[in-house]
Amino acid sequence: MAAEPITGAEIIVKALIDQGVDVIFGYPGGAVLPLYDALFKQNKVRHILVRHEQAAVHAAEGYARSTGKVGVVLVTSGPGATNAVTGLTDALMDSIPLVCLTGQVPTHLIGNDAFQEADTTGITRPCTKHNYLVKSVEDLSRKVHEAFYVARSGRPGPVLLDLPKDVQQAKYEYVNHAGQRHRTYNPVQKPDRSQVEKAVELMATAKRPLFYIGGGCVNSGPLACKMLVDFVRLTGFPCTQTLMGLGAFPASDPLSLGMVGMHGMFESNHAMHDCDVMINIGARFDDRVTGRLNAFSPGSKKIHVDIDPSSINKSVRVDIPVVGDVGHVVEEMMRIWKARQIKTDQKALATWWDQINKWRGRNCLKYKPHDTIIKPQFALERLYAAIKDKDFYISTEVGQHQMWAAQFLKFEKPNRWMTSGGLGTMGYGLPAAYGVQVAHPESLVIDVAGEASILMNIQEMATLVQYRLPVKIFIMNNKWMGMVRQWQELLHGGRYSESYSDALPDFVKLAEAFGASGLRAEKPADLDGVIKEMIDIKGPVMVDVCVDEKENCFPMIPSGAPHNEMLLGPDDQSARPVSDEGMVLV
Amino acid sequence: MKDAMIERHTMSVVVDNEAGVLARVIGLFSGRGYNIESLTVAEVDADQHVSRITVVTSGTPMIIEQIKNQLQRLVPVHSVTDLTVEGPSLEREMALVKVASTGEKRVEALRIADIFRARVVDATIESFVFEMTGSTEKLNAFIGLMKPLGLADVSRTGIVAMKRGSEAN
Ligand SMILES: Cc1ncc(C[n+]2csc(CCOP(=O)(O)OP(=O)(O)O)c2C)c(N)n1
Ligand SMILES: [Mg+2]
């Protein structure tokens, strides 16, 4: 290699550029000063200065999930790295591809309890897909490229590179290792054909089939989702989506049954329970979806398509496992289906659809409107009416508002919906939203928030203002940690222990103090005007929507209950006490 | 779920011998609540920096399948072989057994060691250290017999295992 030796920090920046990175989210500190210096001297990679390292990771998640690219984070050693842990865990649970660069004390000080030293690879081993402590500059470019490869291959996830300061400063020549084959990690992409054939044969005989699709479809990419939509339409089977899978199948399609799971649609959960052939594509039988395992879809044969073999037969035994990338698998399914000119059992399917339509007829999202109090559901209906023809992206925080957003906002395309599914991280939504906005500067990006969650990363308002990121924060302010209150009502005799959001700030003034705009809606009649103003304002806006304090989120499958025992509203709730086994579940 | 049987499996895991790889494997077992009955590790190919981990674990068939899949997806893992399923295989363990006694007990310890083909690798007037290789059961039996004869200390390697026949894994 005749290349000129450059510093480790410069090697990293070159590798980022060769990986197509255009933006990173970070926060500086002593152990990453050489890297910040290298960033200063170039203009290909943009740096967004966050206000807390957790937010850097969520922002990178929003960026990654809305673009399909790997999100990149840069933080310092010690507290910088420990602050990133929640975000990394979040990304691991939701299979979001990230590369997180952490500074580390120089190699000769590692293990000495040096200033701002933490055992970062030790701490993050269980919350990353993989991590590296790079001890020598010779390994640096190979490891940076490898980190990107690992993050995006197979089931995506966060990968961390711990970078001692002396390694950032040492000199070596840069070699572009992008595209190199990995020695051990080469996940299967293309499925075993005979498994796909078996799956198609089972589908062809189905009388009560159901597609159950999840976040893996989104990860497989827009093209894979498009093929999936074509395939589902070809079969004419109903299709339900998980929280993470919203948008992978168009909500407005007549075949869509909407979301499944704890706060999913009545028709979806009943269809899950009663189906005879379940086609799980890129979902993981999460406990929020299955409810009580021994009562989960008792009469169905199950097909499970997943790129991660360890997802298969983890909690639910399946009949036909198919390991592979959703895009490849669906393409193969489609080919076989067409080649064999599959004819489904039309009569049985018509009966199945009749049944589904009866369930749909229960209109499970209905709520009691009110003249003077804003119902949270109504607020979201008005929000959706105002944005549905626009190019919009939604993120959420965690709580009742998140579930209502999943129920009342409709997604026609993948990559438009960012929510913390697996970890349920309050404070995710605001940074995730601006991560999206950075990638899509012209689009309308809204964080549907709760008044409690938004305070968990409220400092990020400063980031919005600094970069003029016109994110809209739509706070569904019910003055309660509503989801906690709802569980206390259901499970703990209405003893509302510590779930009241006391001493709330004035969100309008708070927004203004940060240099953003603040708006408030207090009555149903205010809503449309306030929403319009929020959209019209060019910069970041925080909207305090004063919603009903008492409203609970339905439908709901209480913990420990099977799918066909959903609560549809407050009256059901008092009629059915939760079992002892249900009480211990979360 | 039906009451599933708990099975004992021996797995051979070939890994890149890089920093932290053992912590990754152990962390996987502790983090997901899997059992480790025995675990051994050593580099087996110095040029390629490849190590072999032999782990004996137990669980329901579903858990065993999970363990294999979870191990398989760790980035530095080359291969996972379930020797219990892909048998027949060999399992060996080595122990150093210290017996401190005098008189008749000392003579009896030596006699039994001879029957078990244990070697004396250290001796004083009051003690022996025996080296013994064999199956776990054989080691257990030997150590059991030494108890009344002045058993003072035991150090065991844990199980190493390999497929029988010409095929490698
Ligand atoms: C970081 C974190 N801490 C605690 C929780 C537990 N938790 C789940 S929902 C919730 C209340 C959220 O309140 P708010 O943001 O006001 O949303 P609401 O349910 O009222 O819509 C809490 C405390 C969590 N999910 N994340
Ligand atoms: Mg609230």
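**Close-ups of a predicted model**

**View 1. Strands S19(A) and S20(A), joined by a crossover.** A:Arg520 sits opposite A:Asp544 of S20(A). To get from S19(A) to S20(A), the chain passes through H22(A), and this β-α-β crossover is right-handed. The two strands, S19(A) and S20(A), pair in the parallel sense, with five bridges between them. Keep in mind that this is a predicted model, here and in the other views.

**View 2. The two sides of helix H22 in chain A.** Which residues of H22, spanning 527-536, are buried? They are A:Leu527, A:Val530, A:Ile531 and A:Met534. Looking down the axis of H22(A), you'd find these buried residues within an arc of 100°, so they line one face of the helix. That fits a general rule: an α-helix has 3.6 residues a turn, so residues three or four places apart point the same way. Flip to the other side of H22(A) and you meet A:Gly529, A:Lys532 and A:Asp536, which are exposed. And what covers the buried residues of H22(A)? The cover includes helix H15 (376-387) along with three strands of chain A, S18 (472-477), S19 (517-521) and S20 (541-546).

**View 3. The open sheet of chain A.** Six strands make up this sheet, in the order S16-S15-S17-S18-S20-S19, and the pairing is parallel. At the edges are S16 (417-418) and S19 of chain A, each of which pairs on one side only. Elsewhere in the sheet, S17 (residues 444-450) and S18(A) run parallel and are joined by five bridges. A:Val448, for one, has A:Phe474 in S18(A) as its bridge partner. As for what holds such strands side by side, strands of a sheet pair through backbone hydrogen bonds, either parallel or antiparallel.

**View 4. The shell around ligand 1.** Ligand 1 is surrounded by 19 residues, and the closest are A:Gly399, A:Gly450, A:Ser453, A:Met481 and A:Gly482. Which helices of chain A each supply at least two residues of this shell? Those are H16 (400-408), H18 (451-454) and H20 (482-491). Sort the shell around ligand 1 by class and you get eight nonpolar, nine polar and two charged residues.

**View 5. Where chain A meets chain B.** Chain A brings 15 residues to the contact, while chain B brings 19 residues. On the side of chain A that touches chain B, five residues are nonpolar, six are polar and four are charged.

Key. Residues numbered from 1 in each chain as written. Chains lettered and ligands numbered in written order. Predicted model: local features only at pLDDT ≥ 70, side-chain atom pairs only at ≥ 80, totals over all residues. Buried ≥ 20, exposed ≤ 12 C-beta atoms within 10 Å, placed from the backbone. Helix = DSSP H or I, 4+ residues; strand = E, 2+ residues; numbered from the N terminus. Arc of directions from axis to C-beta. Contact = placed C-beta atoms within 7 Å. Near = placed C-beta within 6 Å. Nonpolar A, V, L, I, M, F, W, Y, C, P; charged D, E, K, R; others polar. Pairing = 2+ DSSP bridges. Right-handed = clockwise from strand over helix to strand, strands pointing away.
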